[in-house]
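Reader: I am new to protein structures and would love a guided tour. Could you show me how to read one, feature by feature?

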Amino acid sequence: MQQHTPFKVPDTRALAKAPLFPLVLIVSLFFLWGGANNLNDVLVAQFKKAFTLSDFQAGLVQSAFYLGYFFVAIPAGAFMRRFGYKAAVVFGLGLYGAGALLFWPAAATATYATFLVGLFVIAAGLAFLETSANPYVTLLGPRESAASRLNLAQAFNPLGSITGVLIGQHFIFTGVERTPAELAAMDQAARTAYVHSEAAAVQMPYLFIGLGVLAWAVIIAVTRFPTVSVAEEGATVEHGVLGRLLREWRFMSAVVAQFFYVGAQVAVFSYMIRYAQATMPGTPDKVAANYITAGLLAFMAGRFAGAAIMKYLRPAHVLATFSIINVALAAFAAFVPGHLGIDALVASSFFMSIMYPTIFALGVEGRGDTERKFGASLLVMAIVGGAVVTAAMGATSDHLGIALAMLVPMVCFLAIFLFAWSRVRSVGAPA
């Protein structure tokens, strides 16, 4: 997911020949937050095993994470306005690193709640990074190549996501799995030792991540970046814009669609390992993680394919087609569990790939700059769907099983289809 929150209009004349090293440092941030996002998919499975959690409780990993985004996105924007892009990046990396280091005491005490606090702090840091890095990339070079630089930067996001899954697969999953019967047969001492051992598996990976991120913050802090002067766009801010947007269903339908999209994406990836192990008994967690990697590769391929298709078809038509295909794939996974079902979930990643940016673009199209600013903030806050839908899917799984829980993202994709179809039917209508 990418955030596209415009704040001020930059004067980029001084950036015509920007140094390469600062651009590399900022582009690397897209890789870093991609890795953090998809490491959570591994943590859901690992913590469920370590702490013997219900699916709902395990889903709180994503709830804590995406609530961090929700609550911090607007303060991060205010911080950036006050102190600048570079300061926001450094501060965000500091929070990211601090949250990762919290995993050490959390693992030492085997306390699930402390892990959730660490994830919230990591997400707060990522909110700063995503809010500042997207517009900053457009400034670090000539104005005419801003879009290509941002596209290049965004290409590193799925690469980071795949790296995050591989780290979890090979350095967090221990390969030790106990059945409920085996756990019940353990005495208290053996059970406590097992929990501490599984919780400790995250210590070293997150220690290296935390120290690496903090080192990156220091490098960025001491690197000289091109001076970016910003000018406010207009002397006054139009009053009543936010209220008008909140009352306008055409815009708010995009916010609702974005909520359901992020919720569906996070829920599917979060429970993909759980689905594979539950519907194909005997599948080790390390093997089940391969399905997430395959899904992320499909996701990356979908971005390229979707961009090519949109050269010939309207974005709303593509979104409607892709979303109704995912309704069918999620339903198939719900009612045909097993190898075919997990293949359907992997395939759904391809069709999810274009949804976030397309919904975002349809939400702000045809609007003036002031409305775009306020509208972008609301669309970014809609990522809280990752917290709500994942928890709802976990609760559904606890009552109906993980296969039928795939009906939750199916409903989300149906909501996205209805949004897209409404835009298809209103082609030519004023924004």
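Author: Happily! Keep in mind that this is a predicted model. Let us begin with aromatic rings: the count comes to 21 aromatic pairs.

Reader: How is a pair of aromatic rings described?

Author: You give the distance of the centres and the angle of the planes. Here is a case: the ring centres of Phe322 and Phe351 are 5.1 Å apart and the planes stand at 90°, so this pair is edge-to-face. Phe322 belongs to helix H14 (residues 315-335) and Phe351 to helix H15 (residues 339-352), so the pair ties together parts that are 29 residues apart in sequence.

Reader: Are Phe322 and Phe351 buried or exposed?

Author: Buried means under 20% relative accessible area. Phe322 has 6% relative accessibility, so Phe322 counts as buried. Phe351 is at 17%, so Phe351 counts as buried too.

Reader: Which residues form one aromatic cluster?

Author: Look for Phe47, Phe51, Phe103, Tyr112, Phe115 and Tyr206, which form one such cluster. A ring can also have a charged residue over its face: Arg82 lies over the face of Phe83, 4.9 Å from the ring centre.

Reader: Which residues touch the most other members of the largest nonpolar core?

Author: Phe47, Phe51 and Tyr206 do, in a core of 139 residues. Helix H1 contributes the largest share of this core, with 16 residues. For a closer look, take Tyr206: leaving out residues up to four places away in sequence, Tyr206 touches Leu39, Leu43, Ala100, Phe103, Ile122 and Ile172.

Reader: Let us turn to helices. How many helices and strands does the protein have?

Author: There are 19 helices and two strands. A general idea helps when you look at a helix: an α-helix has 3.6 residues a turn, so residues three or four places apart point the same way.

Reader: What span should the 29 residues of helix H2 have?

Author: At 1.5 Å a residue, helix H2 (residues 55-83) should span 42 Å; its end C-alpha atoms are 41 Å apart, which agrees. Now follow the path of the helix: H2 bends by about 45° at Val72, and the proline Pro75 follows within four residues. After H2 comes Gly84, with a positive phi near 100°.

Reader: You mentioned phi. What sign of phi do most residues other than glycine have?

Author: Most residues other than glycine have a negative phi. Two residues here are worth comparing with that idea. Thr52, in the loop between H1 and H2, has a positive phi near 50° although it is a residue other than glycine. Ala110 is not a glycine either, and has a positive phi of about 50°. Ala110 is placed in the loop between helix H4 (103-109) and helix H5 (112-139).

Reader: What is the relative accessible area of Thr52, and what is that of Ala110?

Author: Thr52 has 41%, so Thr52 is partly exposed. Ala110 has 17%, so Ala110 is buried.

Reader: Now I would like to read contacts. What does Asn38 touch?

Author: First find Asn38 in helix H1 (residues 20-51). Not counting residues up to four places away in sequence, Asn38 touches Ser161, Val165 and Leu296. Asn38 is at 8% relative accessibility, so Asn38 counts as buried.

Reader: How far apart in sequence and in space are Ala289 and Val42?

Author: They are 247 residues apart in sequence, and their C-alpha atoms are 7.4 Å apart in space. Ala289 lies in helix H13 (residues 285-309) and, at 0% relative accessibility, counts as buried. Outside its neighbours within four places in sequence, Ala289 is in contact with Val165, Gln169, Phe173 and Ile273.

Reader: How far apart are the C-alpha atoms of Met410 and Val268?

Author: They are separated by 9.9 Å, with their positions 142 residues apart along the chain. Met410 is in helix H19 (residues 407-425). Met410 touches Val327, Ala330 and Ala331, again not counting residues up to four places away in sequence.

Reader: And for the protein as a whole, what do buried residues and contacts come to?

Author: Buried residues make up 55% of the 431 residues. Of the contacts with a separation of 6 or more, 85% are between residues 24 or more positions apart.

Methods:
Residues numbered from 1 in each chain as written. Predicted model: local features only at pLDDT ≥ 70, side-chain atom pairs only at ≥ 80, totals over all residues. Heavy atoms only, no water. Buried < 20%, exposed > 50% of the residue type's maximum accessible area, 1.4 Å probe, protein only. Contact = heavy atoms within 4.5 Å. Phe/Tyr/Trp six-rings, centres within 6.5 Å; stacked < 30°, edge-to-face > 60°. Lys NZ or Arg CZ within 6 Å of the ring centre and 35° of its normal. Core = buried A, V, L, I, M, F, W, Y, C linked by side-chain atoms within 4.5 Å. Expected span 1.5 Å × (residues − 1). Bend = angle between axes of the 7 residues up to and from the residue.
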